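I opened my notebook to work through this fold one piece at a time. Here is what I looked up, in the order I got to it.

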Amino acid sequence: DMDISAEPLLPRDLADRKPRVSDNSVRRMFQAIFAGVGGTESNESLIIERDALCTTFAEFLSTDISTSQKCSVDVSLFLDGLIGAVSCDVFHQRENGKQALRLFTRSAFERSNVSQQLIAKLADRFCHCCHQRNWRDKWAGIVGIEVLSEFLPQEMLSLRGFGFYEPNLVRSLLYSLRDVESAYVQSAAKRSLRAVIMATHKDDMTSGINVLPGDAQEARERLLKDFAYCLALDLSSEYESSRCGAE
């Protein structure tokens with residue numbers, strides 16, 4: 001059991017935790033369902049099972065949960081399986097995983113009270129993926145950030161909400177551009193970059209930039225300074241993809 005109200009368990013934390021045998025089994029089960037492993041590209045029964053699982057977890061995770069409530073399945077394993085499906089080595093399985101991720105995100109964020117903790121979990125996971133060596137892991141992070149930008153409610157797409165994560169999301173995408181040679185992945189990263197920036201700043205021209213309160217504003221300003229520094233480095237990079245992405 002995991003206390004959902006506790007600090008999110010990030011991938012870097014998982015390395016410090018000795019996994020149980022059942023953890024890997026559950027993770028593989030989720031990934032197989034989301035990727036449609038063992039079925040055809042249009043297997044109806046697998047699609048129904050996948051969709052039901054996505055919407056059930058979306059309903060459970062979409063709102064803040066009190067400290068007294070417990071989940072019988074480690075939420076980290078669900079997210080591992082979902083992201084693992086998006087990074088499969090078979091194309092149609094990656095596409096199945098992407099559809100599952102879109103369904104889960106849309107179902108979670110269409111509700112009136114979206115959990116900030118869920119947004120933080122997803123943003124951290126996707127950024128982590130962008131910094132992995134394997135191009136398929138980077139692909140999963142890139143797709144995840146694009147989907148996150150697409151389905152967040154309008155009230156969250158301000159500098160008060162989602163915009164707090166913008167510097168780290170953009171930096172992670174720029175890293176993907178710099179670190180991978182695949183034109184397929186680079187094109188996806190550029191689309192995701194545009195999605196993040198347009199989503200975050202869509203209303204700035206009409207409603208003005210929202211100012212975060214106190215310490216949060218200072219924290220975001222530090223992130224923006226770090227981001228500006230990385231952006232300047234990428235503009236002068238020896239790699240054309242990095243220069244184009246930064247530009």
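**Entry 1: contacts and overall layout**

I started with contacts along the chain. Among the contacts in the protein with a separation of 6 or more, 75% are between residues 24 or more positions apart. I'm reminding myself that this is a predicted model.

Next I looked up the elements, and the protein has 12 helices and two strands. Read from the N terminus, they run β-α-α-α-β-α-α-α-α-α-α-α-α-α. I also looked up burial: 48% of the 247 residues count as buried.

**Entry 2: helix H4**

I picked H4, residues 75-86. It has 12 residues and reaches 17 Å from its first C-alpha to its last, close to the 16 Å expected at 1.5 Å a residue.

How many residues of H4 are buried? I got 12 of the 12, so H4 is largely enclosed by the rest of the structure. The buried residues include Val75, Leu77, Phe78, Leu79, Ile83 and Val86. Ser76, Asp80, Gly81 and Gly84 are also among them.

I stopped at Asp80, since a charged side chain caught my eye. Its relative accessibility is 17%, and buried means under 20%, so Asp80 counts as buried.

**Entry 3: helix H6**

Then I moved on to H6, residues 116-130. This helix has 15 residues and reaches 21 Å between its first and last C-alpha, close to the 21 Å expected at 1.5 Å a residue.

I found that 12 of the 15 residues of H6 are buried, so this helix too is largely enclosed by the rest of the structure. Leu118, Ile119, Leu122 and Phe126 are among the buried ones, and so are Cys127, Cys129 and Cys130. The list of buried residues also includes Lys121 and Arg125. For Arg125 I noted a relative accessibility of 3%, so this residue counts as buried.

**Entry 4: salt bridges**

Side chains of opposite charge can pair when their charged atoms come close. I searched for such pairs, and the whole structure has five salt bridges.

Which residue forms a salt bridge with Asp80? The partner is Arg125, with the closest N and O atoms 2.7 Å apart. This pair links distant parts of the chain: Asp80 sits in helix H4 and Arg125 in helix H6, 45 residues apart.

I then looked up Arg102 and Glu150, which form a salt bridge with their closest N and O atoms 2.8 Å apart. This pair also links distant parts of the chain, with Arg102 in helix H5 (residues 91-109), Glu150 in helix H7, and their positions 48 residues apart. Arg102 counts as partly exposed at 22% relative accessibility. Glu150 counts as partly exposed at 43%. I added one more note here: salt bridges that share partners join Arg27, Asp80 and Arg125 into one network.

My last pair was Arg50 and Asp51, whose closest N and O atoms are 3.1 Å apart in a salt bridge. Is each partner buried or partly exposed? Arg50 is buried, with a relative accessible area of 11%, whereas Asp51 is partly exposed, with 26%.

**Entry 5: a quick look at Glu49**

I found Glu49 in helix H3, residues 44-61. Its relative accessibility is 40%, so Glu49 counts as partly exposed. I also checked Phe34: the two residues are 15 apart along the chain, and their C-alpha atoms are separated by 8.8 Å.

**Entry 6: where H7 meets H8**

Two packed helices are described by the angle between their axes and the distance between the axes. I looked up both values for helix H7 (residues 135-151) and helix H8 (residues 166-179): the axes come within 11 Å and cross at roughly 145 degrees. The crossing of H7 past H8 is left-handed.

Which residues make the contact? From H7 I listed Lys138, Ile142 and Ile145, and from H8 Leu169, Leu173, Tyr175, Ser176 and Asp179. Sorted by class, this contact has five nonpolar, one polar and two charged residues.

I finished with Ser176, which is in helix H8. Ser176 is buried, with a relative accessible area of 1%. Leaving out residues up to four places away in sequence, Ser176 touches Cys130, Lys138 and Ile142.

Note on methods:
Residues numbered from 1 in each chain as written. Predicted model: local features only at pLDDT ≥ 70, side-chain atom pairs only at ≥ 80, totals over all residues. Heavy atoms only, no water. Helix = DSSP H or I, 4+ residues; strand = E, 2+ residues; numbered from the N terminus. Expected span 1.5 Å × (residues − 1). Buried < 20%, exposed > 50% of the residue type's maximum accessible area, 1.4 Å probe, protein only. Axes fitted to C-alpha atoms, helices over the stretch in contact; angles between N-to-C directions. Left-handed = near helix turned anticlockwise from the far one by under 90°. Contact = heavy atoms within 4.5 Å. Nonpolar A, V, L, I, M, F, W, Y, C, P; charged D, E, K, R; others polar. Salt bridge = Lys/Arg side-chain N within 4 Å of Asp/Glu carboxyl O.
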